[in-house]
Amino acid sequence: MTDYDVIVVGGGHAGIEASLACARMGHPTLLITQNVDQIGYMSCNPAIGGLAKGHLVKEIDALGGEMAKATDETGIQFRQLNTGKGPAVRASRAQVDRQSYRLRMKRALENQENLIIKQATVEEILIEGDKIVGVRTHLDEIVRTKALILAPGTFLNGLVHIGLTHFPSGRMGDPPSVGLSESLKKLGFRMGRLKTGTTPRLDGHTIDFSKLAPQYGDEDPIPFSFSTKKIETEQVPCYITYTNPTTHEIIKAGLDRSPLYCGIIKGIGPRYCPSIEDKVVRFSDKKRHQIFLEPEGRDTAEVYPNGVSTSLPLDIQIRMLRSIKGLEEVEIVRPGYGIEYDFVDPTELKPSLETKKVRGLFHAGQINGTSGYEEAAGQGLIAGINASLFVRGEEPLILKRSDAYIGVLIDDLVTKGTTEPYRMFTSRAEYRLHLREDNADLRLREIGYRIGLVKEEDYQIFLEKKRAIEKTLHILSSRKVNPTKENNEMLHRWGSAALKKESSLQEILKRPEIHFEHLLCFDGDLERLPKEIQDQVEIQVKYEGYMKRQMEQIERFKKLEEVRFPEEFDFSAVIGLSREVMEKLVKIRPLSLGQASRISGVTPAAISILMINLKKEGYL
């Protein structure tokens, strides 16, 4: 029998990052998945990134994860979103080749030292006392381990719905994981039921693209990974079409056979990615809904109609789609479907993603109530890092809300829990001006290098970038421009006010209408700087005042975060707390006053009482 330091269950986006992190940190790791051919498979749309999700991918990359590199290598269209808005909410998104991405990730796992892949179904979690010791598979094989990471996606008791037809499945074509779900229930974990869905896949040969508006990628695409120098691959267009009143009438006529509206589906669906039938009912005033026809890859005719996720009967799906412009003769390759699955209440977790009930057991991805590849991958990476640190007997890595979107995601889950599939948004991050896509490496690269996930070569490139930014900022603050006639005429041409006194390049760059390229007229040497350095310097200069205020907010709140509760602290013994607050504190067991303050219903008065109590007991 082989023993492992870490076992990872699940070969999706969370399982990939978790297993790679553990193996790269030097720990013998076993990845168990039901089907090795489906490692890295994208069950929903073949795309990575998007609003706030792009931030997560950049952070995963900065810490030494794999998702961004795989996206750069297999992407077929790259776009920057929100380019007309401030840098805090700009985001990257890429269409990827579904099969190429899957094979790229499988190859990364197969070639990773310290990592073994096994095809099996885990039926039972084995513990001794309150500590994980191993798993039992469907073949009654027992594999021992020091730490276990569960990343089963939608497979826990999965149930697929197409109209009034439903059948057990973890994903269309794959069996569900029933034994693992039962094992978690036996261990006493609080569990719930969620629902998600996907769109029908269309035969591109039966779509009339000539009727539709193409959407092209960016001419000079920005890579996801800080290690990728340039995207060289030829990009593929997407196409835009819309539903119409006829489409909506067909959908409404089929609601009597919709599992969503017949009460067959019990799980709660995603608020921000509703099915097309949900959109038509909830937004009945809307005459049309936008659909993006996204290619599944370069070498396939399959098309993903983003915007028509559905669990309606197949005949309704066909009629609905054929009522849409460009799809009048479309054929469905694979039907859309809804899927219900079990998840574990994420307030059962510590901020390290280790469960409170079982030492050495970690959860990552949809088992924690999240939706999205990027949210799953971020959790998988942190679970992998912390499982490795657990095996070593070291303190876990806990990213704060002021450190990363990954920190916001995990803190939201373990502090507030969720009753519906959780999706990341920029609005969830109170420090979003600091937590930008462009500076993810400046925030997190050091951490990734320290824990051993960032290679020496990448780290040295990062240090060079950091030095270049600092040097350029110094040049801009020290290089002065005089208010000569020639300089003022130049500023006038750029729509900027004349100089009245000697000013630094930094002061000139602060002006909203001035950009870094304008400064090249004053100092030609700046032209040699890479575009990413120019952009980063411009952002830092323009937003210096705002960022300074945000850093002051972070410092103020840091004081609350640093006031930690001792492990044996008895919340039920604190006098003066309401029953509701006391019950929530006992359930969540926050690590710090900062985390306690974010629990729903915990008032500022309750925080004051906790502070007084900590002082009285000598902890402050």
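This is a short tour of a predicted model, with a selection to make at each stop.

**Stop 1: the open sheet**

Start by selecting β11, residues 165-168, and β12, residues 191-198. These are the edge strands, and each of them pairs on one side only. Now add β10 and β19 to the selection: the four strands make an open sheet that runs β11-β10-β19-β12, with antiparallel pairing. If you look across the sheet, the twist from one strand to the next averages 25 degrees.

Zoom in on β10, residues 159-162, where four bridges link this strand to β11 in the antiparallel sense. Which residue of β11 is the bridge partner of V160? Select F167 and you have found that partner.

**Stop 2: a helix pair, α9 and α10**

Next, select residues 373-392 for α9 and 405-416 for α10. Their axes lie 10 Å apart, and the packing angle is about 90 degrees. Angles from 65 to 115 degrees count as roughly perpendicular, so that is the description α9 and α10 receive.

To see the contact itself, show side chains for E375, G378, Q379 and I382 on the α9 side, and for I406, L409, I410 and L413 on the α10 side. Colour this contact by class and you will get five nonpolar residues, two polar and one charged.

**Stop 3: the nonpolar cores**

Keep I382 and I406 selected, and add I149, I385 and L399: these five have the most contacts inside the largest nonpolar core, which has 69 residues. Helix α9 gives this core its largest share, nine residues.

I406 deserves a close-up of its own. Leaving aside residues up to four places away in sequence, I406 touches L56, E59, I60, L63, G378, I382 and L399.

Then move to a second core, separate from the one above and made of 21 residues. Good handles for finding this second core include L30, V143, V358 and L361.

**Stop 4: another helix pair, α16 and α17**

Finish with residues 531-542, helix α16, and residues 544-562, helix α17. Here the axes come within 5 Å and cross at roughly 70 degrees, so α16 and α17 are also described as roughly perpendicular to each other.

Show I539, Q540, V541 and K542 from α16, and you will see them meet E544, Y546 and M547 from α17. By class, this contact of α16 with α17 holds four nonpolar residues, one polar and two charged.

Key. Residues are numbered from 1 along each chain as its sequence is written. This is a predicted model: local features need pLDDT of at least 70, side-chain atom pairs count only at pLDDT 80 or more; totals for chains, interfaces and linings use all residues. Side-chain values use heavy atoms; hydrogens and water are left out. Two strands pair if DSSP finds at least two bridges between them. Helices (H or I, at least four residues) and strands (E, at least two) are DSSP runs, numbered from the N terminus. Axes are lines fitted to C-alpha atoms, for helices over the stretch in contact, and angles run from 0 to 180 degrees between N-to-C directions. Angles under 35 degrees count as roughly parallel, over 145 as roughly antiparallel, 65 to 115 as roughly perpendicular and the rest as oblique. Contact means heavy atoms within 4.5 Å. Ala, Val, Leu, Ile, Met, Phe, Trp, Tyr, Cys and Pro count as nonpolar, Asp, Glu, Lys and Arg as charged, and the others, Gly among them, as polar. A nonpolar core is a set of buried Ala, Val, Leu, Ile, Met, Phe, Trp, Tyr and Cys residues joined through side-chain atoms within 4.5 Å. Buried means under 20% relative accessible area, exposed over 50%, partly exposed in between (1.4 Å probe, protein chains only).
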